[in-house]
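Reader: I want to go through the backbone of this one. Can you take me through the odd spots?

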Amino acid sequence: MSASPQSRSPLAILSTTLMYLVGALLIGGALYTAEFGVFDDALVRVGGFSLGALFLLLHSLRQPGSPLRRLLDIALVAMIVIAAWRYFIISARLESGLYFLQPLDLWCGLAGILALIELTRRVIGVPLVIVALLVTAYAYFGDALPGFLSHAGISYPELLQTFWYSFDGVFGQPLAVVTSTILVFIIFGAVLEALGIGQVLLNLSLRSLGRLRGGAAYAAVMASGLFGTVSGSVVANVVGTGVVTMPMIKKTGFSARFAGAVEAAASSGGQIMPPIMGAVAFIMADMTGIPYLKICLAALIPALLFYGSLFASVGAEARRAGIQAPDRDTLPTLSRQDWLLLSAFVVPLALIVVMMMQGRSPAMAGLWAIGAAVTLGLLFNPKARNIKALLNIVGSSANAGGTILVAVGAVGIIIAVMNLTGLGLRFASSVQAMADGSLFLSLLLMALACLVLGMGMPTVPAYLIIILIMGPAVEALGVPTIAAHMFVVYFAVLSAITPPVALAAFAAAPIAQANPMVIGMTAMGRLALIGFLTPFVFVYSPSMLLITDFSLGEFVWSILRLALAAYLIARISILGRAWWAASAIVSITLVTPLLPLQLAGALLGIATLVAASRSGFFLTKSL
C-alpha cells in the first residue's frame with residue numbers, strides 16, 4: 001500500500017489520506033457491528049459497500065496514471081457518493097412502499113450501478129461483468145424472447161429500484177453477510193499478516209517437515225493450508241507464502257513447474273479448510289440455515305483427504321527426482337519469541353471455535369479473535385508496534401473487504417434478476433430435463449458450470465451464482481443440502497487451478513519462473529485431482545460429511561476408496577502419461593456410485609500398483 005516516488009503529487013497525497021480515512025471507517029464500522037449488532041440495515045449495507053468502493057477508487061487515484069484514468073477515477077468517486085447520498089435521502093420513504101422513483105433517483109441509481117460494473121471489471125474481472133450484463137439484458141428484453149426463456153419483461157424503473165433501491169439487489173442478503181460477519185474475519189487475516197504470523201507459520205512448517213525428503217514442498221503445503229484458511233484470497237495466499245516457498249522448493253531439486261503447482265494447489269485448498277474456509281463458510285451458513293460449526297465439521301474430512309493427497313504427491317515426486325533429506329542444521333530454528341508469537345495464531349483460532357460452541361455469533365467470535373491476536377502479537381513482536389503495521393492492517397483489510405463487497409454487489413444483480421424472472425427455476429427445470437432424472441449427469445453439468453463460471457472469479461461470487469442456478473435442480477434429485485453446497489464450493493475453489501484461466505497458476509508463474517499453463521495442468525491433473533473426485537463421493541455417500549445420514553460402514557468405505565485413489569494418483573501418475581491415464585481411470589471407477597464398479601476399481605487399483613512396481617517404479621521420467 002506504499003506510494004511510489006512518482007505519486008507524491010498533491011492529488012496523490014490527498015487520495016492517500018482519504019483512502020486510509022475511508023478504510024478506517026470501514027474497519028471501524030465492521031468492528032462496531034460485530035460488537036453491537038446491525039443497528040441500521042441501510043447504513044450498514046449501503047454505507048459499507050460505498051466505503052469499500054471508495055477505498056478501491058482512492059487507491060487507484062494515488063497510483064501514477066494517465067490524466068484520462070484519473071478523471072475516470074474522480075468521476076467514479078462522484079458517482080458512488082451521489083448514488084449513496086440519494087439512497088439515504090429517500091430510504092425512509094422507500095420503506096413505506098408508497099414512494100415512486102423520480103428522474104433524479106433513476107439517474108443516481110444508474111450512476112451507482114455503472115460505477116459498480118466498472119469496479120467489478122477492475123478488481124474481479126470481465127467474466128462476472130459479462131454475466132451481470134447478460135442477466136440484466138435478459139430481464140429487460142425477456143418479453144421478446146421465445147420459448148421457456150420468455151417472461152413479461154421488467155421496466156427500467158423497476159430494474160433500478162430492485163438493483164439499487166432495495167435489499168433484493170446490490171444490497172441484498174449476501175452483502176449483508178459480508179458487512180456483518182465476513183469483514184471481521186478479513187480484518188483478522190490482515191492482523192495476522194501484519195503481525196508476522198505468516199513467516200512464523202512458514203518457519204514452523206519448515207522446522208517440522210523440512211527434515212523429510214522434499215521437505216520444502218511439504219512445508220509449503222502445510223503453511224499455505226494454515227494461512228489460506230484465514231486469508232480469504234487464493235491469489236494473495238499464493239503470492240504471500242509463495243514468494244518464499246517456491247524458490248526454496250526449486251532449490252531442493254524440484255522443477256519450477258512443480259514448485260508453482262504445489263503452491264497453487266495448496267493455496268487453493270485453504271478455501272476448503274476449516275475453521276474459516278476463506279469466507280465461504282459464513283455465506284453457506286446463511287444460505288442453508290445450517291449452523292457454522294456443522295459446516296466446518298462437514299468440510300473437515302474432505303479437506304484432510306485433499307491435503308493428504310498433496311503430501312503423497314510431494315513425497316512421490318521427491319523420490320522420483322532423487323531428492324534427499326536436507327541437513328537438519330540448515331533448517332530455520334524457532335526462537336522463544338517465535339513460539340510465543342505463534343500463540344497469536346493458535347489462541348484466536350481456538351477462541352473462535354470455543355465461542356461458537358457456546359452459541360456466540362461468528363462476528364463476535366471474530367472480534368474477540370482480533371483482540372486476542374492484537375494483544376498477543378504486540379506483546380511478543382516488538383517490530384509490529386509502529387504506525388506502518390497499523391497502516392498495513394487498514395490498507396490490506398479495506399482492500400480485501402472492498403473487493404469482496406464489489407463482488408457480492410455484482411452477484412446481487414444476478415440474484416435480483418433470477419428472483420424477478422424465475423430464471424433459476426427455469427434453468428433448474430432445463431437441467432432436470434436434460435439430465436432426464438440422472439443425478440450423475442446433473443452433477444457433471446453443475447461441475448462444468450462451476451469450473452467455467454468460476455474461472456476468473458473469487459470463490460464467494462462463483463459459489464453464489466452456481467448454487468442459486470443449479471442448486472435447486474440437484475437438491476430436487478434427493479441430494480442433501482450440505483452436500484450440494486459443498487459440491488459447488490469445491491469446484492468453485494478448484495477453478496483457480498483449472499486452465500485456461502487458472503488464477504492461482506498465473507499468480508505462481510512469475511515467482512516460480514515457469515509456464516502458467518503447465519503449472520495449472522500439473523496442479524489440476526496430478527496434485528489436486530483427488531479434489532475433483534471427492535465431491536462426487538460425498539454426494540452419493542453423505543456420511544463422509546459426518547452431519548447427515550451417517551453410516552459408519554459407508555463412511556469407512558468412502559475414506560478407503562478415496563485414500564486408494566489418492567495413493568494411485570500420487571504414486572503412479574509420475575511414471576508417464578499411460579500410467580497417469582490408468583491411475584485416473586481407476587480412480588474414477590473408485591468414486592462411481594455403483595458398488596460393483598467400486599469393488600472392481602479397488603481390485604484394479606491394487607493390480608495397477610503391483611504392475612507399476614514391477615515396471616521400475618519411480619525410474620522413468622515424470623509426466
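Author: A definition before the loops come up: helices (H or I, at least four residues) and strands (E, at least two) are DSSP runs, numbered from the N terminus. This is a predicted model, where local features need pLDDT of at least 70, side-chain atom pairs count only at pLDDT 80 or more, and totals for chains, interfaces and linings use all residues. Residues are numbered from 1 along each chain as its sequence is written, and side-chain values use heavy atoms, with hydrogens and water left out.

Reader: Fine. Where does P500 lie?

Author: P500 is in the loop that runs between α20 (481-494) and α21 (503-512). Its peptide bond from P499 is cis, and omega is near 10°.

Reader: And what joins P274 and P275?

Author: A cis peptide bond, with omega about 15°. The loop holding P275 sits between α11 (256-269) and α12 (280-288).

Reader: Switching to phi. What is the value at Q513?

Author: About 60°, so positive, although Q513 is not a glycine. Q513 belongs to the loop between α21 and α22 (516-527).

Reader: Is Q513 buried or exposed?

Author: Q513 counts as exposed because its relative accessibility is 64%. Buried means under 20% relative accessible area, exposed over 50%, and partly exposed in between, using a 1.4 Å probe and protein chains only.

Reader: What about phi of L546?

Author: Phi of L546 is positive too, near 75°, and this residue is other than glycine. L546 lies in the loop from α23 (529-540) to α24 (552-572).

Reader: Why does L546 count as partly exposed?

Author: Because its relative accessibility is 26%.
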